[in-house]
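This note sets out several points on the structure shown below, for consideration at the bench. It begins with the chain as a whole and then turns to individual residues and one pocket.

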Amino acid sequence: MSFDARSLERLQELGRSLPKPLPKPERHKETKGTPGKRHRVETETDPQALFGELMKASEDGTVPPHLMDRLRQAESDQERKRQAAQREQLQALQSQTNRPTDGLKAQGKPQELRPNQQRRRPANSEEQDLYVAFQQLLLEGDEED
C-alpha cells in the first residue's frame, strides 16, 4: 500500500490530534492491599454459618454453583480439622497409656515391653498369671547373681 504526500501529512495530523488514553483505574492496589468491605458469604469459613448466609442472601433458595463449591470446601476443611484433632487426642491417649507409671509398678501388674517400647495388655487372666510367674522367675534369677 502506498501513500501520497498529502495522505501521509493528513495521517500525521490526525495522529497528533488524537486524545491520550485515560489513566487506568487503580483497582489493583485495592485488591492487593486491604480488600474493600466483603459480604459474609465471601468470608465465612464455618459451613453451618455459611449455609445460613447463603439462604439469607438467596431470595428463592437457589445458590450459584461456585458458592455451593465453596460450601463443600468449607465442610471438607472442617472435617479434616476434626479428624486431625481426633488423631492428636488418640496419639496423646496412646502415649499416656504406653508410659510406665509408678502406680502400675506398685500394684504388681506385669509390664511387657515390645521392641518398639509399646505395652500390650494381657488378653486374659491366664496370660496375666503367666506374665507374673515369668517376672517372678526373672527376679529370683537376679537375686541369685
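1. Burial and surface. Of the 145 residues in the chain, 10% count as buried. The model is a predicted one, and its accessible surface amounts to about 13,300 Å². Carbon and sulfur atoms account for 53% of that surface.

2. Secondary structure and contacts. The chain has seven helices and zero strands. Read from the N terminus, the order of elements is therefore α-α-α-α-α-α-α. Of the contacts between residues at least 6 apart in sequence, 27% join residues at least 24 apart.

3. Leu71. This residue belongs to helix 5, which spans residues 65–98. Is Leu71 buried or exposed? Leu71 has a relative accessible area of 6%, and because the limit for burial is under 20%, Leu71 counts as buried. Which residues does Leu71 contact once its neighbours within four places in sequence are left aside? They are Pro47, Leu50, Phe51 and Leu54. In addition, the C-alpha atoms of Leu71 and Val41 are separated by 9.5 Å, although the two residues stand 30 residues apart along the chain.

4. Arg72. Like the preceding entry, this one concerns helix 5, where Arg72 lies. Its relative accessibility is 47%, so Arg72 is classed as partly exposed. The side chain of Arg72 makes a polar contact of 2.9 Å with the side chain of Asp69. Between Arg72 and Pro47 the C-alpha distance is 7.9 Å, with their positions 25 residues apart in sequence. Pro47 is also among the residues in contact with Leu71.

5. Thr45. The loop between helix 3 (40–43) and helix 4 holds Thr45. With a relative accessible area of 63%, Thr45 is exposed, because the class begins over 50%. Thr45 and Glu75 are 30 residues apart in sequence, and their C-alpha atoms are 8.7 Å apart in space.

6. The second largest pocket. How much space lies in this pocket? The value is about 170 Å³. Its lining consists of Glu44, Thr45, Asp46, Pro47, Arg70, Gln73, Ala74, Asp77, Gln78 and Lys81. Helix 5 supplies the largest share of the lining, namely six residues. By class, the lining of the second largest pocket comprises five charged, three polar and two nonpolar residues. Two residues from the earlier points recur here, since the lining includes both Thr45 and Pro47. The exposed Thr45 is thus one of the lining residues, as is Pro47, which also touches the buried Leu71.

7. Ser58. The loop between helix 4 (47–57) and helix 5 contains Ser58. Is this loop residue buried or exposed? At a relative accessible area of 13%, Ser58 is buried, because that value falls under 20%. The side chain of Ser58 reaches the backbone nitrogen of Gly61 at 2.9 Å. Two loop residues thus receive opposite classes: Ser58 is buried, whereas Thr45 is exposed.

How values were computed: Residues are numbered from 1 along each chain as its sequence is written. This is a predicted model: local features need pLDDT of at least 70, side-chain atom pairs count only at pLDDT 80 or more; totals for chains, interfaces and linings use all residues. Side-chain values use heavy atoms; hydrogens and water are left out. Helices (H or I, at least four residues) and strands (E, at least two) are DSSP runs, numbered from the N terminus. Buried means under 20% relative accessible area, exposed over 50%, partly exposed in between (1.4 Å probe, protein chains only). Contact means heavy atoms within 4.5 Å. On a 1 Å grid over the protein atoms alone, a cavity is a set of points where a 1.4 Å probe fits but cannot get out, and a pocket is an open set with protein on both sides within 12 Å along at least five of seven lines; lining residues have an atom within 4 Å of a point. Grid points are joined across faces, edges and corners, and a volume is the space filled by probe spheres set on the points. Ala, Val, Leu, Ile, Met, Phe, Trp, Tyr, Cys and Pro count as nonpolar, Asp, Glu, Lys and Arg as charged, and the others, Gly among them, as polar. Accessible areas come from the Shrake-Rupley method with a 1.4 Å probe; for residues, only the protein chains shown count as cover. A polar contact is a pair of N or O atoms within 3.5 Å; within protein, one must be able to donate a hydrogen and the other to accept it, and residues adjacent in sequence count only if both atoms are side-chain atoms.
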